[in-house]
Amino acid sequence: MLLKNGFLVNPGTNLCEPADIRFSDGIIHEIGLPLEPQENEEILDISGLTVGPGLIDTHVHFRDPGLTYKEDIHTGALAAAKGGFTSVICMANTKPTVDSPSVLEDILQRGAKENIHIYQTASVSQGLKGEIMNDFEALAAAGACGFTDDGIPLLDAVFCRDAMKKAADLNLPISLHEEDKSFISDNGINAGQTAEKLGIQGSPAIAEEVMVARDCVLALHTGASVVIQHISSGTSVALVRLAKQLGADIHAEATPHHFTLTEEAVLTYGSLAKMNPPLRCEKDRLAIIRGLRDGTIDLIATDHAPHSTEEKEKALTEAPSGIIGLETSLGLGITSLVKPGHLTLMELLEKMTCNPAALYHLPGGSIEVSAPADFVIFDPEEKWTVDRFLSKSSNSPFKGMELYGKIHYTICGGKIVYQP
């Protein structure tokens, strides 16, 4: 196939220019302007559209195995492709937990049949209990791209330090859910003005901050590649910034909902705006944006967390936390970060492509000769309305919202895997 007349934005090589791109057998062979069509070559004219590397999400929940009434590998892959993602990294808190090579290999084998690249983390501890460490070497040999007990914090500091050391020995990232539950009365809603209006205590930022502070120090001492997942507090951002300055190999994820919404969204959307960690204050949202601007936060991840309508319709304090995010991530990034001038489009894509690829040692993330033919093709100026989801679930506060950045094609492995 030959992509003609596109505008290339590639943070991996810092190129931002018109370009044609030729690829076959899933690999990019030529980038230039103009490239003349060859015999029997399929031409895709993308005049007026931007082409970037296929997006990479370091934090998704496909609920498979065990909770497939919410999502499964196939519907998750469809949602990812619609959102411009060609690679996703699934979390390990499935049922059963991904704490053995057999469970891991089953997921990877089934994921290999989908039209996007599906990678899988393994859990740090057996059964997510934070007590017995898994066999990291065996799990890495079976294909784990990293380790995490996401959803459950590692409360034992010595256990966490030892896990970091094991991950560092294997040169794989360890991702941490930062939440000291002893501070929390009602999870999923910030302990602030909204919680007061609702008559509940909520989840204070200190529950995240004390864990982030500890793990920044542990990262500094172990040399591990440590990821602070779904950062929500301005103080947490400052702690990560300091740890980076001190030389820690530490990274942080920001979700689109945390850089777009505040705790007040709970009053409008109810449980659709309930997540862990919760939406916090405007000052926290702005601190996250500053962290994205200065590179303290180097990853944008969705924490795609599907739940059924019946679950989300429960009373606010009983409904599960989490929202879906794959199909709205790029649009929210352009609308909330690029359009207001917080980030350039190049900077946005950097945190959604080459940065996650480098951290997790993935083959994608950049448009270069001999690289995978994985692309997202979109119009950053074109508006679209969030309506029908390809995810099995629809728990999103963004339904009905108008966003910039309509996706026209997702190409993975040289094949069109999504077009409206």
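Begin your tour by selecting F183, I206 and V210, which together make a nonpolar surface patch of about 210 Å². Before you go on, keep in mind that this is a predicted model. Now click on F183 alone: this residue sits in the loop between β10 (174–176) and α5 (193–198). Its relative accessible area is 35%, so F183 counts as partly exposed.

**Stop 1: the largest pocket**

Next, select R63, N93, G151, H307 and S321. Of the 25 residues that line the largest pocket, these are the closest to its centre. The pocket has a volume of about 550 Å³. What kinds of residues make up its lining, by class? There are 12 polar, 7 charged and 6 nonpolar residues.

**Stop 2: the second largest pocket**

Move on to K82, W384, K406, Y418 and P420. Among the 18 residues that line the second largest pocket, these five lie nearest its centre. The volume here is about 280 Å³. Try colouring α12 (329–338), β14 (375–385) and β15 (402–412), the elements that each give two or more residues to this lining. By class, the lining of the second largest pocket divides into 7 polar, 6 nonpolar and 5 charged residues.

While α12 is still coloured, look at what surrounds that helix. Is α12 largely enclosed or largely open? It is largely enclosed by the rest of the structure, because 9 of its 10 residues are buried. To see the buried ones, select S329, L330, G331, L332, G333, I334, S336, L337 and V338.

From β14, follow the chain into the loop that leads to β15, where you will find D387. With a relative accessible area of 47%, D387 is partly exposed. Now add K314 to your selection and draw a line between the two C-alpha atoms: D387 and K314 are 23 Å apart in space and 73 residues apart in sequence.

**Stop 3: salt bridges**

The model holds 16 salt bridges, and three of them make good stops.

- Select E41 and R22, whose side chains meet in a salt bridge with an N to O distance of 2.7 Å. This pair links distant parts of the chain: E41 is in the loop between β3 (27–32) and β4 (43–45), while R22 is in strand β2 (residues 15–24), 19 residues away. Both E41 and R22 are buried. Add E30 to the view, and you have a network of salt bridges linking R22, E30 and E41.

- Go to helix α2 (residues 101–111) and pick out D106 and R110, which lie 4 residues apart, about one turn of the helix. Their side chains form a salt bridge at 3.1 Å, N to O. D106 has 34% relative accessibility, so it counts as partly exposed. R110 is partly exposed too, with a relative accessible area of 27%.

- Jump to helix α10 (residues 282–294), where E282 and R285 are 3 residues apart, again about one turn of the helix. The closest N and O atoms of this salt bridge are 2.9 Å apart. Are the two partners buried or partly exposed? E282 is partly exposed, at 37% relative accessibility, whereas R285 is buried, at 16%.

**Stop 4: backbone details**

Finish by showing the backbone atoms. Which peptide bonds here are cis? One of them runs from L33 to P34, with omega near -10°. P34 lies in the loop between β3 and β4. Another runs from D64 to P65, with omega near 15°. P65 belongs to the loop between β6 (55–60) and α1 (73–82).

Go back to the loop between β3 and β4 and select N40. Phi of N40 is near 65°, a positive value in a residue other than glycine. N40 has 77% relative accessibility, so this residue counts as exposed.

For your last selection, take L128, in the loop between β8 (117–120) and α3 (136–141). Phi of L128 is near 60°, also a positive value in a residue other than glycine. Is L128 buried or exposed? At 14% relative accessibility, L128 counts as buried.

Conventions:
Residues numbered from 1 in each chain as written. Predicted model: local features only at pLDDT ≥ 70, side-chain atom pairs only at ≥ 80, totals over all residues. Heavy atoms only, no water. 1 Å grid on protein atoms, 1.4 Å probe; cavity = no way out; pocket = protein on both sides within 12 Å on 5 of 7 lines; lining within 4 Å. Points joined across faces, edges and corners; volume = space filled by probe spheres on them. Nonpolar A, V, L, I, M, F, W, Y, C, P; charged D, E, K, R; others polar. Salt bridge = Lys/Arg side-chain N within 4 Å of Asp/Glu carboxyl O. Buried < 20%, exposed > 50% of the residue type's maximum accessible area, 1.4 Å probe, protein only. Patch = residues over 30% accessible without salt bridge, like charges linked within 9 Å, V, L, I, M, F, W, Y side chains within 5 Å. Areas by Shrake-Rupley, 256 points an atom, 1.4 Å probe, with all protein chains shown as cover.
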